[in-house]
Amino acid sequence: MTIAELQLYIRDMLDERGFKGQSLSRTFLGLVEEVGELAEVIKNLEKSNRNKGKEFDLSGEIADVLIYILDIACECDIDVAKALEQKEAENRLRDWNVKN
């Protein structure tokens, strides 16, 4: 599934479930909540020294975050694939002097 197809799927799915028309701030707060849940899973994974997130549903939390991000993009008429390409073009010009 392409990013564009995924955006359309998320838009239709949220409309079908009655979430269409929800305020952008409410959607953003939902995203923040899901990011918090993802952070909790990652924290627990690191504490337990496990390499897989099955016990903590890492993949489910990542999916929840992605749903909210794509929902915000749809509400703002942002083509995520195009935005990613444009941002990467800018990033390629940056000096990434990363120190670990």
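Student: How do the residues of the lining of the largest pocket divide into nonpolar, polar and charged?

Tutor: Happy to start there, and please keep in mind that this is a predicted model. The lining of the largest pocket consists of Met 13, Leu 14, Arg 17, Phe 19, Gln 22, Arg 26, Gly 30, Glu 34, Asp 64, Ile 67, Tyr 68 and Asp 71. Tyrosine counts as nonpolar and glycine as polar in this scheme. Sorted that way, the lining holds 5 nonpolar, 2 polar and 5 charged residues.

Student: Which helix gives the largest share of the lining of the largest pocket?

Tutor: Three helices, α1 (3-16), α2 (24-48) and α3 (58-75), each supply at least two of the lining residues. With 4 residues, the largest share belongs to α3.

Student: What is the volume of the largest pocket?

Tutor: The walls of this pocket include Phe 19, Ile 67 and Tyr 68. The computed volume of the largest pocket is about 240 Å³.

Student: Is Glu 61, in helix α3, buried or exposed?

Tutor: Glu 61 belongs to helix α3, and its C-alpha lies 9.1 Å from that of Ala 39, 22 residues away in sequence. The cut-off for buried is under 20% relative accessible area. Glu 61 has 12%, so it is buried.

Student: What distance separates the backbone nitrogen of Gly 60 from a polar atom of the side chain of Asp 57?

Tutor: Asp 57 sits in the loop between α2 and α3, and it is partly exposed at 40% relative accessible area. Its C-alpha is 8.9 Å from that of Leu 38, 19 residues apart along the chain. A polar atom of the Asp 57 side chain and the backbone nitrogen of Gly 60 are separated by 3.1 Å.

Student: And how far apart are the C-alpha atoms of Leu 8 and Leu 66?

Tutor: Leu 8 is placed in helix α1 and is partly exposed, at 43% relative accessible area. Along the chain, Leu 8 and Leu 66 are 58 residues apart, while the separation of their C-alpha atoms is 13 Å.

Student: How many disulfides are there?

Tutor: A disulfide is a covalent bond between the sulfur atoms of two cysteines. The rule here asks for cysteine sulfur atoms within 2.5 Å. By this rule, the number of disulfides is 0. For Cys 74, the nearest cysteine sulfur is that of Cys 76, at 9.5 Å.

Student: Which class of exposure does Cys 76 fall in?

Tutor: Cys 76 is in no disulfide, with the sulfur of Cys 74 as the nearest cysteine sulfur. Cys 74 counts as buried at 18% relative accessibility. Cys 76 has 35%, so it counts as partly exposed.

Student: What phi does Asp 77 have?

Tutor: Most residues other than glycine have a negative phi. Asp 77 lies in the loop between α3 and α4 (80-92), and it counts as exposed at 73% relative accessibility. Its phi is positive although Asp 77 is not a glycine, at about 55 degrees.

Student: Which residue caps the N-terminal end of α4?

Tutor: Look for a side-chain oxygen that lies 3.1 Å from the backbone nitrogen of Ala 81. That oxygen belongs to the capping residue, Asp 79.

Student: How far apart are the end C-alpha atoms of α4?

Tutor: The helix α4 has 13 residues, so at 1.5 Å a residue it should span 18 Å. The model agrees with that expectation, as its end C-alpha atoms are separated by 18 Å.

Technical notes
Residues are numbered from 1 along each chain as its sequence is written. This is a predicted model: local features need pLDDT of at least 70, side-chain atom pairs count only at pLDDT 80 or more; totals for chains, interfaces and linings use all residues. Side-chain values use heavy atoms; hydrogens and water are left out. On a 1 Å grid over the protein atoms alone, a cavity is a set of points where a 1.4 Å probe fits but cannot get out, and a pocket is an open set with protein on both sides within 12 Å along at least five of seven lines; lining residues have an atom within 4 Å of a point. Grid points are joined across faces, edges and corners, and a volume is the space filled by probe spheres set on the points. Buried means under 20% relative accessible area, exposed over 50%, partly exposed in between (1.4 Å probe, protein chains only). The expected span of a helix is 1.5 Å times one less than its number of residues. A polar contact is a pair of N or O atoms within 3.5 Å; within protein, one must be able to donate a hydrogen and the other to accept it, and residues adjacent in sequence count only if both atoms are side-chain atoms.
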